[in-house]
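This briefing is intended to be read alongside the sequence and the three-dimensional view. Please keep both open while going through the points below.

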Amino acid sequence: MTATPLYCAEPARIDAARRLAERFDLLLIRQRPATGYWLELGPERLELVTTGKHGAVYAEFVEGAARHRREQGGGRGQPVAKAVGLKGAKDLPSVVDATAGLGRDSFVLATLGCRVTMVERSPAAAALLADALERALRDDATRDIAARMTLVHASSIAWLGSLAEAERPDVVFVDPMFPDTDKKSAAAKKDMQAFQHVIGDDMDSSELLTAAIAAAKVRVVVKRPRLGAAIAGVKPSAVLDGKSTRFDLYVIKALASG
Ligand SMILES: C[S@@+](CC[C@H](N)C(=O)[O-])C[C@H]1O[C@@H](n2cnc3c(N)ncnc32)[C@H](O)[C@@H]1O
């Protein structure tokens with residue numbers, strides 16, 4: 001993947017742009033590019049933009065779909081909550097979201113009370129997440145939820161492997177970008193094409209699954225399109241079907257005794 005540069009469209013925010021560039025190793029450019037994809041810091045937020053016809057892509061925890069999920073979300077009965085093991089749980093599990101993306105799944109789990117560590121290897125996606133987290137920490141309605149979310153910019157395969165015993169999470173959540181069926185479903189959402197273009201496919205999901213199983217204390221949850229292929233390698237110990245999404249569960253105890 002080619003690196004995604006950062007352009008600051010709001011002179012008053014140049015210091016914030018410099019901090020983002022330094023933290024995520026982004027090239028800070030002085031002119032808005034004429035072609036391609038770039039990150040643009042405006043007065044409100046950081047966005048991934050392009051000269052093409054796609055709309056801007058950004059991570060969002062305060063408004064829009066995030067507000068809807070926060071206010072009308074399905075609670076612990078919704079499929080993702082069940083998959084992570086929240087239904088009827090006395091203690092909420094600690095979760096590592098090993099493929100944080102735009103943080104939507106992390107946000108749902110943090111809204112339900114989980115502490116979530118979001119790990120994201122793409123500098124562009126990680127920068128979008130950092131910006132959304134900062135905005136969510138400033139808003140009264142989302143401050144407490146955002147405080148339960150921590151961002152780590154790293155490859156999860158290496159990062160999960162580096163955890164000390166006491167740091168191991170209960171649950172590792174994995175939602176990779178597959179080269180097969182995902183393309184078609186992602187193409188339906190025009191805005192997401194820009195994200196997909198910048199991030200590319202995740203070709204190392206099997207290694208990630210192995211690292212996730214070694215790190216999780218209780219279970220690994222893999223999110224897939226309902227009819228998508230499972231990650232190659234270890235077989236899931238259970239499958240939870242949803243309307244358009246499926247969750248493959250790798251229960252550590254079951255794997256150890258099988
Ligand atoms: C399909 S998106 C995840 C979407 C996310 N679940 C959400 O709710 O927004 C996959 C993301 O995982 C990231 N990713 C894939 N493999 C990774 C790895 N080994 N370590 C860190 N990030 C990874 C990609 O860069 C991409 O941003």
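The sections that follow treat the domains, the nonpolar core, the sheets, the ligand shell and some individual loop residues.

The structure is a predicted model. Its protein chain is divided into domain 1 (6–50) and domain 2 (64–257). The largest nonpolar core has 73 residues, and both domains contribute residues to this core, so it lies between them.

**Domains and their contact**

- The C-alpha centres of domain 1 and domain 2 are 27 Å apart.
- Contact between the two domains involves eleven residues of domain 1 and 13 residues of domain 2.
- On the side of domain 1 that touches domain 2, at least two residues each are supplied by α1 (14–24), β3 (37–41) and β4 (46–50).
- By class, that side of domain 1 comprises seven nonpolar, one polar and three charged residues.

**The largest nonpolar core**

- In soluble globular proteins, nonpolar side chains tend to be buried together.
- Within the 73-residue core, the residues with the most contacts are Leu48, Val84, Leu128, Leu129, Val172, Val174 and Ala212.
- Helix α5 (residues 123–138) gives the most to this core, namely nine residues.
- Domain 1 (6–50) and domain 2 (64–257) both give residues to the core, which therefore lies between them.
- Leaving aside residues up to four places away in sequence, Val172 touches Val96, Ala98, Leu160, Ala212, Ala215, Ala216 and Val220.

**The four-stranded sheet**

- Strands of a sheet pair through backbone hydrogen bonds, either parallel or antiparallel.
- An open sheet of four strands follows the order β2-β1-β3-β4, and its pairing is mixed.
- The edge strands of this sheet are β2 (28–29) and β4, each of which pairs on one side only.
- Strand β1 (residues 6–8) runs parallel to β2 and is joined to β2 by two bridges.
- Leu6 has Leu28 as its bridge partner in β2.

**Strands β8 to β11**

- Five of the seven residues of strand β9 (residues 219–225) are buried, so this strand is largely enclosed by the rest of the structure.
- Strand β8 (residues 171–174) pairs with β9 in the parallel sense over four bridges.
- Val172, listed above among the core residues with the most contacts, has Val220 of β9 as its bridge partner.
- β9 also pairs with β11, in the antiparallel sense and over seven bridges.
- Arg224 is matched with Arg246 of β11 as its bridge partner.
- Strand β10 (residues 238–241) pairs with strand β11 (residues 245–251) in the antiparallel sense over four bridges.
- β10 and β11 form a hairpin, with three residues between them.
- The bridge partner of Val239 in β11 is Asp248.

**The shell around the ligand**

- There are 21 residues around the ligand, of which Thr99, Gly101, Arg104, Arg121 and Ser156 come nearest.
- The elements giving two or more residues to this shell are α4 (104–111), β6 (116–120) and α7 (156–161).
- By class, the shell divides into nine nonpolar, six polar and six charged residues.

**Individual loop residues**

- Most residues other than glycine have a negative phi, and most peptide bonds are trans.
- Asp25 has a phi near 55°, a positive value in a residue other than glycine.
- Asp25 lies in the loop between α1 and β2.
- Is Asp25 buried or exposed? Asp25 is exposed, because 12 other C-beta atoms lie within 10 Å and a residue with 12 or fewer counts as exposed.
- Gly113 is placed in the loop between α4 and β6.
- Gly113 is partly exposed, with 15 other C-beta atoms within 10 Å.
- The C-alpha atoms of Gly113 and Ala136 are separated by 15 Å, and these residues are 23 residues apart along the chain.
- Gly228 is found in the loop between β9 and β10.
- Gly228 counts as partly exposed, with 17 C-beta neighbours inside 10 Å.
- Gly228 and Phe178 are 50 residues apart in sequence, and their C-alpha atoms are 8.8 Å apart in space.

Methods. Residues numbered from 1 in each chain as written. Predicted model: local features only at pLDDT ≥ 70, side-chain atom pairs only at ≥ 80, totals over all residues. Domains from an automatic or database assignment. Contact = placed C-beta atoms within 7 Å. Nonpolar A, V, L, I, M, F, W, Y, C, P; charged D, E, K, R; others polar. Near = placed C-beta within 6 Å. Pairing = 2+ DSSP bridges. Core = buried A, V, L, I, M, F, W, Y, C linked by C-beta atoms within 7 Å. Buried ≥ 20, exposed ≤ 12 C-beta atoms within 10 Å, placed from the backbone.
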